[in-house]
Amino acid sequence: MATTSRTSVIHLLHRASQRADALLEAELPQGLTARQAEVLAIIAAHPGTNQSRIVDATGIDRSTMADMVKRLADRGLIKRVRDRRDTRAYRVHLSPEGQKALDAAAPAERRAMDKLVANLASQHRKEIVAILPTLATDRPASFIRSSRVSSGAGTAKSMRLAVRR
């Protein structure tokens, strides 16, 4: 039996991702994208990390990441410092402005997540938060999930994937 776009897991995950991005970007402060907010969150969780580790954690390709890091630095949201051991690489840190942007993104993320899972029963909300980290990587042992789980309704408020290094 042929798989259709209505039954293809790959297509459905792609559509769910598009919807999640659209919901989040509608809630985020002006000028910040969903991917930029995720990069800021990774940097906040791992101060002084390098761009390669951010690529590993987010799945964003290297050339896009280099451009994104440059734009975030140009906007004053992060600080790039040359790595003393590898002068080709940068270590990145959130600036105070970056922390403010990330702080403003947190309630936006909660609102977007609430909208995304609004039609799911509480048990399904918990299940999807438990399943998605495994689907998001082919290296489940090297990724950790930390989630801030919810309000009284059991809605997942946030899910982050971070590379164990």
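## Notebook: helices α2, α3 and α4 and the sheet beside them

I began with burial over the whole chain, and found that buried residues make up 35% of its 165 residues. I note here that the model is a predicted one, and I read every value below with that in mind.

**Entry 1, overall layout.** I counted six helices and five strands in the chain, and reading along the sequence I wrote down the pattern α-α-β-α-α-β-β-α-α-β-β. I then looked at how far along the chain the contacts reach: among those between residues at least 6 apart in sequence, 51% join residues at least 24 apart.

**Entry 2, the three-stranded sheet.** I followed the strand pairing next and found an open sheet of three strands in the order β1-β3-β2, with antiparallel pairing. Strands β1 and β2 stand at the edges and have a single partner strand each, so one side of each is left without a neighbour in the sheet. For strand β1 (residues 49–50) I noted two bridges to β3, in the antiparallel sense, while strand β2 (residues 78–82) pairs with β3 over five bridges, again antiparallel. I looked up V92 of β3 from both sides: V92 is the bridge partner of T49, and V92 is also the bridge partner of R80. I keep in mind the general point that strands of a sheet pair through backbone hydrogen bonds, either parallel or antiparallel.

Is strand β3 enclosed or open to the outside? I found that four of the five residues of β3 (residues 90–94) are buried, so this strand is largely enclosed by the rest of the structure. As for what covers the strands, I saw that helix α2 lies across β2 and β3, and that α2 runs at about 95° to β3.

**Entry 3, α2 against α4.** I turned to helix α2 (residues 34–45) and helix α4 (residues 62–74), which pack at an angle of about 80° with their axes 11 Å apart. Angles of 65 to 115 degrees count as roughly perpendicular, and α2 and α4 are therefore roughly perpendicular to each other. On the α2 side I listed R35, Q36, V39 and L40 as making the contact, and on the α4 side T64, M65, M68, R71 and L72. Sorted by class, I have five nonpolar, two polar and two charged residues in this contact of α2 with α4.

**Entry 4, Q36.** I picked out Q36, which lies in helix α2, to see how a glutamine sits there. Q36 has a relative accessible area of 6% and is buried, the cut-off for that class being under 20%. Leaving out residues up to four places away in sequence, I found that Q36 touches G31, M68, R71, L72 and R75. I also looked up the distance from Q36 to V69, and their C-alpha atoms are separated by 8.8 Å although the two residues are 33 apart along the chain.

**Entry 5, α2 against α3.** Which way do α2 and α3 lie to each other, and how far apart are their axes? I read an angle of about 120° and axes 10 Å apart, and the two helices are therefore oblique to each other. I recorded the crossing of α2 past α3 as right-handed. In this contact E38, V39, I42 and I43 in α2 meet I54, A57 and T58 in α3, and I divided these residues into five nonpolar, one polar and one charged.

**Entry 6, α3 against α4.** I finished the set with helix α3 (residues 51–58) and α4, whose axes come within 10 Å and cross at roughly 120°. α3 passes α4 in a right-handed crossing. From α3 I listed Q51, S52, I54, V55 and T58, which meet R62, M65, A66 and V69 in α4; by class, this contact of α3 with α4 has five nonpolar, three polar and one charged residues.

**Entry 7, R62.** I looked last at R62, which is found in helix α4. Which residues does R62 touch, once those up to four places away in sequence are not counted? I found S52 and V55. I also noted that R62 and Q51 lie 11 residues apart in sequence and 8.0 Å apart in space, taken from C-alpha to C-alpha.

Methods:
Residues numbered from 1 in each chain as written. Predicted model: local features only at pLDDT ≥ 70, side-chain atom pairs only at ≥ 80, totals over all residues. Heavy atoms only, no water. Axes fitted to C-alpha atoms, helices over the stretch in contact; angles between N-to-C directions. Parallel < 35°, antiparallel > 145°, perpendicular 65-115°, else oblique. Contact = heavy atoms within 4.5 Å. Nonpolar A, V, L, I, M, F, W, Y, C, P; charged D, E, K, R; others polar. Left-handed = near helix turned anticlockwise from the far one by under 90°. Buried < 20%, exposed > 50% of the residue type's maximum accessible area, 1.4 Å probe, protein only. Pairing = 2+ DSSP bridges.
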